[in-house]
Every structure is written in C-alpha cells, then in structure tokens.
Amino acid sequence: MVIGTVWLRIGEPVPAMANRLTTQDASFYFLEASSTPMHLGSLAVFRTPRNGFRYEDLLSLVEQRLALVPRYRQKVREVAFGLARPVWVDDGEFDITYHIRRSALPKPGSDEQLHDLVARLTSRPLDRTRPLWEMYLVEGLSKNRFAIFTKSHSALVDGEKALEIGQVILDATKSPPAMAEELWMPAREPKESALVIDAITELIASPSEGVEILRGAAAGVAGIAGGALGAAGKVLSVVRTAAQSAPTSPLNAPISRNRRFAVAKTELTDYRKIHTRFDCSINDVVLAVVTGALRNWLLSRGEPVTASSTVRAMVPMSVYVTEDPSGYEHADRLTGDHDPEVPPRSEVSSFLIDLPVGELNAVVRLSHIAHATEAHAKQSPGVTADTLMRISGFAPASLHAMGARAGSRLSRRLFNLIVTNAPGPQFPLYVGGARMLEMFPVSPLFENQALSIGLTSYDGFVCFGLNADRGAMPDVDVITVLLREALEELVDASNESRV
C-alpha cells in the first residue's frame, strides 16, 4: 500500500506535493518580526497528583495525542524566489524532546516567578527550521502545583483544521482514554526543484494567484497580509463600527520583543449575578469590567480622560450557539451553558466597539456596551467551527487563535487593543490524572499595540491573561488589580439596585 506518494513511472515513487499555507497562514508567517513574535500561548496550572507528574509522563501523553494534530510534526518550507506561498512538509528529523522542555522555578516558586518565566518564554521567537511549537513543563511551583506553558505559531493553528496542542492533551476524567497506537512515518520532503515546478504549474493554472504573489513581493509583508482579507468570511464578520482611526491612546506605542505577563482570576458567579440583574449578556459584563479597569488605569497614569473618551477594542467573541426550531439563535456567550437537547456549535464573531472609558458611572458604561453588542448580534450571525469541540470539549486555546486571526485582518490603526474571550467547560479537566486549576491565554501583540487581553471561563472562574510590551506597559500589574475592582463595583451596583 502506498501512502502519501504518486507514481511517475513503475517502481519510482515521488512524494506527493505538500499542503500549501493558506493566504492567512502565510500572512502570519511573514508578518513575524523581531518585535512581534506571532505565536499564541496558554498557561495552565495543575494540582500535582499523589503519584506525581513527571516530564516522561508529559512526553508519553503528547506522543499519544500527536495524531490528533498532525501539523505539529510538520515544518514550513519556503519556495525559491517567492514564486508561491510556503508549504507544510513532514519533519523527517522530528524530535519531540526538542519541543517539550522542562523548567523549574527557584524557591519559593511563586506565581509572580511563573508569570515572569512566561513573559521571557513568550519573548523568544520559535525556531523556523522546525515545527512551530514548544511546550514547557514548569516544576517547583508552590502549594503542590506545576504548570504547562504551550506556545504555537499563529500560522499553525487555524481553529478549524488545525487545533492547538494544549487542547488535545486535556481529558474530562482523571484516567485518560486509551489511544490507538500510531506508527508515524514522515513523507519524504520534496526537493527544491519540485517545489519550484509545482509553483510554476500553479501560476500557469491560476494567473490571479501570480498577481497576488507579485503584489505581495512589491508591497512587502503588508501586501501579503492584505490578501488575507479575502478569506475573512471564515472567522471575521462584517465590521459595523465606523472605520475612522482609533482614538489616540498610550496603548499604542512602538514595542520591542520583550514582554510582561500578568493575570487576574475572578469568579463566574459575579458575572452571572450582574448579567441577571441588568438583563445583559455575560460578554457585556466582561467588556464593562475591562472598560472600568482601563478607565482607572488611564487616570492612574495622569492621562486626560473626558466624558467622551473611548478606547476602541477589537473583540473576536467566541460563542456557543444553539438553534431552536424557529431558527432563533441563543447562547450564553461566556459560560458555555446550553440546552443539552440542542447540540451547540462554536462561533467566532468579531467587531469593533468603542469602550466608554470616559463614563464615570459603571452601570451606564455597561448599558452603552450592551446596546452596542446587541446591535452587532442582530446584524452579524458569525460562522461555525464545529471541529473545535470534537476532541475534549475544551477549545479556548484554538478559539483565541481564531480571535487573533480575526484581529490581524484589520489595520491596527482602527483599534487600540484586542480583547479575546473563549468559553470553557464548567467542570474540572485533567492532564495525565492531574487536575487543571486555571488556564490563562497569552495572545500575541501586533505592531504598535502594547497590550492584548485574553480571558477564558473554566470551572466557575473567569481567568484573564494580559500580554504586554515590557517597556511600554511597566504597570500592567496595575490593570489586573483594577479588573477585580471594576468587577466589585458592578457587583455592588447590582446589590444596591435591589434595595
């Protein structure tokens, strides 16, 4: 049986041509610069089980699950002379121990030390000569915990055909299900001449593709990225907000490769209480909390804040949606709650929203946001991505990847920052028998954008991950404190309104 080959003459197998990167995959690959590594990350913290959790355990688990994410054993090969987009090829020298690494925190192994390590690991670009991902087992964390930090290039994870590896190693039970053994044999890597001939053949068959490539070569990376806009229908809905440039903000500044990382962990019950009291979506509450935190952060910096001040956010919202017989779509956009008799599907629907940081009253801020998101929801239904929920039921990392892709399709002049959120299950998940306590996303930064905010709901909590430029945002920790204070302000307002 011949797998992955074609036959030119009897007895002479030639490798089948590898998959070419999509337009957007290529845009992420070429957009990467020294100051903007284009990988997304995920930090998960676990309780160490009684029998421990070793590096060898993680190696074994990932090896068993790699068949679910075959692209994680492929690398990118560029085509000579830029005649076509690069291709995915099997890495014939794939070494899992290169990609899965171990690190240990010095005593006392505090959360602050962990976040500093994540910031340093996030600052480092991935090795382009190998498959574009890394995973770190971080030992020595206090309170009998360990962490797993993964980072995958944005070109690698599209959220539909290619999922994020952290998603497939998680299980709903302590005992991982048995996986069929797989004997992986890499396909022979195509020669440079074969890639060139294939590219020329494609150019002859599709002249418009050649025009796009030449335009990209003439205009540089910006031209290639612009080509991604044509594929926007998969994830990015039509942006309804006015297309004028975003307001001037300290969130937009020249950035370096160096990062800071901070987190905030809040209780989902607080969001539900506010959502019920003010008859709005939980996503609205999240954005109101972010707005309140940004308002107070700007004031702490002495920035001018007037009644009309806004911060424009790009919000790729990941939602679970069910559809009743009447065709009316309904969902709780953050909790993942849905009617068990109606199967959910996952969607990403993105839009621009002006966060009213100039508004003093927290409830009024929430009202403004609810009206804006309601108008968007009526006009833009989003696009399905069923494959996200097929493996473990936990898709936030892949959903955050889709959010980053959505944000990349618009000029960064149109918004000040990206806020991505993704629903997770409200029950515990495990890796190799170790219970996951919390998970924080690490979204990439784009050029001249000093902060990205990602959040995930999981097992009764809402976990914020803030990725920031080290020089432009030395006070990113202040925002994590202000997020909790902004939530408390809304909780107090909901309690007072009942009296």
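Mentor: Before we start, a working definition: two strands pair if DSSP finds at least two bridges between them. Keep in mind that this is a predicted model.

Trainee: Good to know! Which residue is the bridge partner of leucine 43 in β9?

Mentor: Start with the strands: β4 covers residues 39-47, and β9 covers residues 145-153. They run antiparallel and are joined by 9 bridges. Within β9, leucine 43 has as its bridge partner phenylalanine 149.

Trainee: And which residue in β17 is the bridge partner of alanine 44?

Mentor: Strand β17 spans residues 434-442 and is joined to β4 by 6 bridges, again running antiparallel. In β17, alanine 44 is matched with methionine 439.

Trainee: How many of the 9 residues of β4 are buried?

Mentor: Buried here means under 20% relative accessible area. By that cut-off, strand β4 is mostly covered, and the count of its buried residues is 8.

Trainee: Which strands stand at the edges of the sheet?

Mentor: Let's walk along the open sheet of 6 strands, whose order is β7-β8-β9-β4-β17-β16, with mixed pairing. An edge strand has a single partner strand, so one of its sides is left without a neighbour in the sheet. That picks out β7 (100-104) and β16 (430-431).

Trainee: Which residue in β8 does isoleucine 100 stand opposite?

Mentor: Happy to look there too! β7 and β8 (residues 133-141) pair in the parallel sense, over 5 bridges. The residue in β8 opposite isoleucine 100 is methionine 135.

Trainee: Last one: in which helix is glutamate 488?

Mentor: On the surface, Glu488 joins Glu485, Asp492 and Glu496 in forming a negative patch. Glutamate 488 lies within residues 476-496, which make up helix α13.

Note on methods. Residues numbered from 1 in each chain as written. Predicted model: local features only at pLDDT ≥ 70, side-chain atom pairs only at ≥ 80, totals over all residues. Heavy atoms only, no water. Patch = residues over 30% accessible without salt bridge, like charges linked within 9 Å, V, L, I, M, F, W, Y side chains within 5 Å. Areas by Shrake-Rupley, 256 points an atom, 1.4 Å probe, with all protein chains shown as cover. Salt bridge = Lys/Arg side-chain N within 4 Å of Asp/Glu carboxyl O. Lys, Arg positive; Asp, Glu negative; His and termini not counted. Charge placed at Lys NZ, Arg CZ, Asp CG, Glu CD. Helix = DSSP H or I, 4+ residues; strand = E, 2+ residues; numbered from the N terminus. Buried < 20%, exposed > 50% of the residue type's maximum accessible area, 1.4 Å probe, protein only.
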